[in-house]
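Here is a short, friendly tour of the structure shown below. It starts from a single side chain and works outwards to the way the chains sit together.

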There are 4 protein chains.
Amino acid sequence: MSPLELLKAEVCQANRDLVRHGLVTLTWGNVSGLSSDRTCFVIKPSGVAYEALSPDDMVAVARDGRVIEGSLRPSIDTPIHAWLYRAFPAIGGIAHTHSPYATMFAQARREIPCLGTTHADHFASAIPVTRALTPDEVASDYEDNTGRVIVERFGSIDPVAIPGVLVAGHAPFAWGPDAAGSLENAVAMEAIARMAHGTLALGGTLTLEPYILAKHHERKHGARAYYGQPPLP
Amino acid sequence: MSPLELLKAEVCQANRDLVRHGLVTLTWGNVSGLSSDRTCFVIKPSGVAYEALSPDDMVAVARDGRVIEGSLRPSIDTPIHAWLYRAFPAIGGIAHTHSPYATMFAQARREIPCLGTTHADHFASAIPVTRALTPDEVASDYEDNTGRVIVERFGSIDPVAIPGVLVAGHAPFAWGPDAAGSLENAVAMEAIARMAHGTLALGGTLTLEPYILAKHHERKHGARAYYGQPPLP
Amino acid sequence: MSPLELLKAEVCQANRDLVRHGLVTLTWGNVSGLSSDRTCFVIKPSGVAYEALSPDDMVAVARDGRVIEGSLRPSIDTPIHAWLYRAFPAIGGIAHTHSPYATMFAQARREIPCLGTTHADHFASAIPVTRALTPDEVASDYEDNTGRVIVERFGSIDPVAIPGVLVAGHAPFAWGPDAAGSLENAVAMEAIARMAHGTLALGGTLTLEPYILAKHHERKHGARAYYGQPPLP
Amino acid sequence: MSPLELLKAEVCQANRDLVRHGLVTLTWGNVSGLSSDRTCFVIKPSGVAYEALSPDDMVAVARDGRVIEGSLRPSIDTPIHAWLYRAFPAIGGIAHTHSPYATMFAQARREIPCLGTTHADHFASAIPVTRALTPDEVASDYEDNTGRVIVERFGSIDPVAIPGVLVAGHAPFAWGPDAAGSLENAVAMEAIARMAHGTLALGGTLTLEPYILAKHHERKHGARAYYGQPPLP
């Protein structure tokens, strides 16, 4: 298989895994993955059922959002993916879903506060919410402006430390080193959102002590991480 | 297969898919589909388990609600389906369920407000609730009057833009271009209701900006829709 | 198969179906069924996993609660089943679970109010809660007294119109014409409890209009019921 | 199979069963089991997916936390398991998860009150929460200090009567006579937490009468227990 064929297979699998992880209803979600030379990315076609997807259905798109290969229309959210790949050079995969609990926070326009170590294991602080788009931003180039507003929100935030965002009134985006890694962060964000929702219902509003938060994030993602198995030599 | 046999197979499948989508408990739900000449519709028999349904069990009913073919009694909700087909000429399928979150709103007699783009992708504004029937309307022709009250509620509402309703104290009905399309709207309504329920629990009562709502609905359903794949030539 | 062997097979299947309907965790639930001559009933053995149950493991018990056949200990709740069979001559099956939403109401010691037609289709009014047992009633013959307190609560209530109860601080019992019928009422009670829980969270406290409640219950269970298929001649 | 091989197979199965019981997301959970001579325990390797686990992947660890056999790194929570085995001589298995409802209580830093008999059947009173660790306790030997703080919390509590704990801001630990028994208590704790969460939402704050609590716990775990089947002779 060529590198592009391999990427299509990976991205197809990550899209199908959205269903296995219970993150999507109908066709409300899409995953993309960046080529290793960072010149293009591969994304789900728009409005196609997950169980019907094959690698050949995936659409290859340049960094500026133009389709470069594929017979189907790419996801309607393609300009958002393109913005994120251009703005965040360290990422290689993006997962967008309407997973229920993360979407509840997006709809309530509340960030997801860090209420426990599960959150700290994946996100180094609260998961932020974007501002709403203006009427002008919606009237022309809506999807492109949605990407721009996410990048604006991350002005001083490290997108590797906080690998996801809530788009106000819409739903979450998560990202990672590749398509599978972005899916993993989407799974983590949904579980974290669900537990935050239920913790708030119990009156639990105390955010995790900053020194515990830092410890959990660093033992898994820091320079001297010791979670999991050491990388192969 | 004759057109009627094809329709029975489609409607049977849509009824069985109620279970796959987690929309029904016991036998609490039914789907119907209209014939292409709009002279009759096919509906689930009353009180039969979904896993036991075969296309031959489906009942064909005239637009006035009289059974025209089939050895089983049709769904007890048949007069409601008949009312909707007579009043809404653009629809070709109807799905009735007691799906839990939509039913919670119906029982609370609250419309489902549009709190996000997921809602806007499927329903062009809040999902309305009917008024309760009067004692007289319940005493004679209860099911017929339930259909009449839904149609009354849609006086100035476009049933294509808002393809569903909550019957006060009862449960939701959704509709669409055919049986499968009505099921899709029933799935969407339940997911939207669940997310609205959880958003309200977070104190999120801000409805979606009208210009974002319109954009999302039009990019999927408007004259210049660009969601999904273009229709085959 | 002898009538008793048939009854054991039916009761075994109903116990295994508790899992399929998502009503039980670990071994927290049991179903029994009465013999057609009403001299004995068959019940699940205590503490045995559902997937390991075979009809031969079922225990036959006389109406006074004494084991009459079977090598395993019967369910610890056997005296409660015996009380209900003795007090409610119209019933032929009993299902006890700790299904989550019904148990939440039992723990909150709140009856399940009739908030919609789903409830009315199965229960003719609110599902009642027992009083707590006294220290003396717990100290001697605890299980027997639990049965007695349920029967006391039904003093003026028709157990056919209201086929279930919440034991205060404990969990629900449901019953019906046979083991499968009691399971169906347990499934309905859990779905009703879940929807009532979510309706109350929306501020929905309006109980269903009595004339709608009566209509729904009678069209399914009354002398002139027209829900479902007519009985075979 | 040698005793150690048998133990590895048991512990591997208990880890895989975390998924079957719906207790884990991604790799957020681990189960261990103690050798019959209490000299070492076997635990899941860190960060490995459950579906990929085989008995040979399990890691054997001495009571002081040093690895004595296995090619993979043990769970990052190994020092916590080691503390519990050293401090609680009656236990032989430990299950740690981030199961959602128990974690909500841990994040809200609220004990799980005993609101019903389901709780009493497994835990003889409220399930306690630890204190938060200090900055110094986090800075050096964080995992070791987490174990120490659990043991500190159980100063005057019998860990057999209360086979589990909530670590503040983190998640639950449960234990039992062996790996499978600890998993059973983790399943029970999650179900109890879910029902407590929903009971509190209904305004149900009345804890179970102490004499009913004692009765339920003793009929299942006391010297004259009569729940389940008698032990084989």
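## One arginine and its surroundings

In this predicted model, the side chain of C:Arg38 reaches the backbone oxygen of C:Tyr85 at 3.3 Å. A second backbone oxygen is involved too: that of C:Ile91 lies 2.9 Å from a polar atom of the C:Arg38 side chain. C:Arg38 itself sits in the loop between β1 (29–34) and β2 (40–43) of chain C.

The partners come from another part of the sequence. C:Arg38 and C:Tyr85 are 47 residues apart in sequence, yet their C-alpha atoms are 8.5 Å apart in space. Setting aside neighbours within four places in sequence, C:Arg38 is in contact with C:Arg63, C:Tyr85, C:Phe88, C:Pro89 and C:Ile91. Is this arginine buried, exposed or partly exposed? With 24% relative accessibility, C:Arg38 counts as partly exposed, since buried would call for under 20%.

## A helix enclosed on every residue

Now move to chain A and look at helix α3, residues 100–108. How many of the nine residues of this helix are buried? Nine of the nine are, so the helix is largely enclosed by the rest of the structure. The buried residues are A:Pro100, A:Tyr101, A:Ala102, A:Thr103, A:Met104, A:Phe105, A:Ala106, A:Gln107 and A:Ala108.

What covers them comes from two chains. From chain A, the cover includes β6 (164–166), β7 (172–176) and α7 (179–201); from chain B, it includes α4 (117–122) and α7 (179–201). Just after α3(A), A:Arg109 takes a positive phi of about 55°.

## Where chain C meets chain D

Back on chain C, 33 of its residues are in contact with 33 residues of chain D. The two chains bury about 2,900 Å² between them, and carbon and sulfur atoms give 59% of that area. Which three residues of chain C supply more of its buried area here than any other three? They are C:Trp28, C:Arg73 and C:Gln107, which supply 22% of the area that chain C buries against chain D.

There are two salt bridges between chain C and chain D. C:Arg109 forms a salt bridge with D:Glu209, in which the closest N and O atoms are 2.6 Å apart. Between these chains there are also 17 residue pairs in polar contact, counting residues at pLDDT 80 or more. On the chain C side, the elements that give two or more residues are α3 (100–108), α5 (135–139), α6 (142–153) and α7 (179–201). Of these, α3(C) gives the most, with seven residues. By type, the residues on this side divide into 17 nonpolar, 11 polar and five charged.

## Where chain C meets chain B

Chain C has another neighbour in chain B, and here 33 residues of chain C are in contact with 33 residues of chain B. The area buried between chain C and chain B is about 2,900 Å², with 58% of it on carbon and sulfur atoms.

The salt bridges between chain C and chain B number two. In one of the pairings, B:Arg109 supplies the arginine and C:Glu209 the glutamate, with the closest N and O atoms 2.6 Å apart. A further count gives 17 residue pairs in polar contact between chain C and chain B, both residues at pLDDT 80 or more. Here α4 (117–122), α7 and α8 (210–221) of chain C each supply at least two residues of the side that touches chain B. The helix that gives the most to this side is α7(C), with 10 residues. The residues of this side divide into 15 nonpolar, 11 polar and seven charged.

## How the copies are arranged

How is one copy laid on the next? A turn of 90° with a shift of 0.0 Å along the axis lays chain C on chain D with an RMSD of 0.0 Å. The two copies are therefore related as by a four-fold rotation axis. Within chain C, the residue that comes closest to this axis is C:Ala201, with its C-alpha at 5.6 Å.

Some pairs of chains do not touch. Chain A and chain C are joined by no contact, and their closest C-alpha atoms lie 11 Å apart. No contact joins chain B and chain D either, with the closest C-alpha atoms of that pair 11 Å apart.

Technical notes:
Residues are numbered from 1 along each chain as its sequence is written. Chains are lettered from A and ligands numbered from 1 in the order in which they are written. This is a predicted model: local features need pLDDT of at least 70, side-chain atom pairs count only at pLDDT 80 or more; totals for chains, interfaces and linings use all residues. Side-chain values use heavy atoms; hydrogens and water are left out. Contact means heavy atoms within 4.5 Å. Buried area is the accessible area (1.4 Å probe) that two parts lose on being put together, summed over both. A salt bridge is a side-chain nitrogen of Lys or Arg within 4 Å of a carboxyl oxygen of Asp or Glu. A polar contact is a pair of N or O atoms within 3.5 Å; within protein, one must be able to donate a hydrogen and the other to accept it, and residues adjacent in sequence count only if both atoms are side-chain atoms. Helices (H or I, at least four residues) and strands (E, at least two) are DSSP runs, numbered from the N terminus. Ala, Val, Leu, Ile, Met, Phe, Trp, Tyr, Cys and Pro count as nonpolar, Asp, Glu, Lys and Arg as charged, and the others, Gly among them, as polar. Copies are superposed by least squares on the C-alpha atoms of residues with pLDDT of at least 70 in both. Buried means under 20% relative accessible area, exposed over 50%, partly exposed in between (1.4 Å probe, protein chains only).
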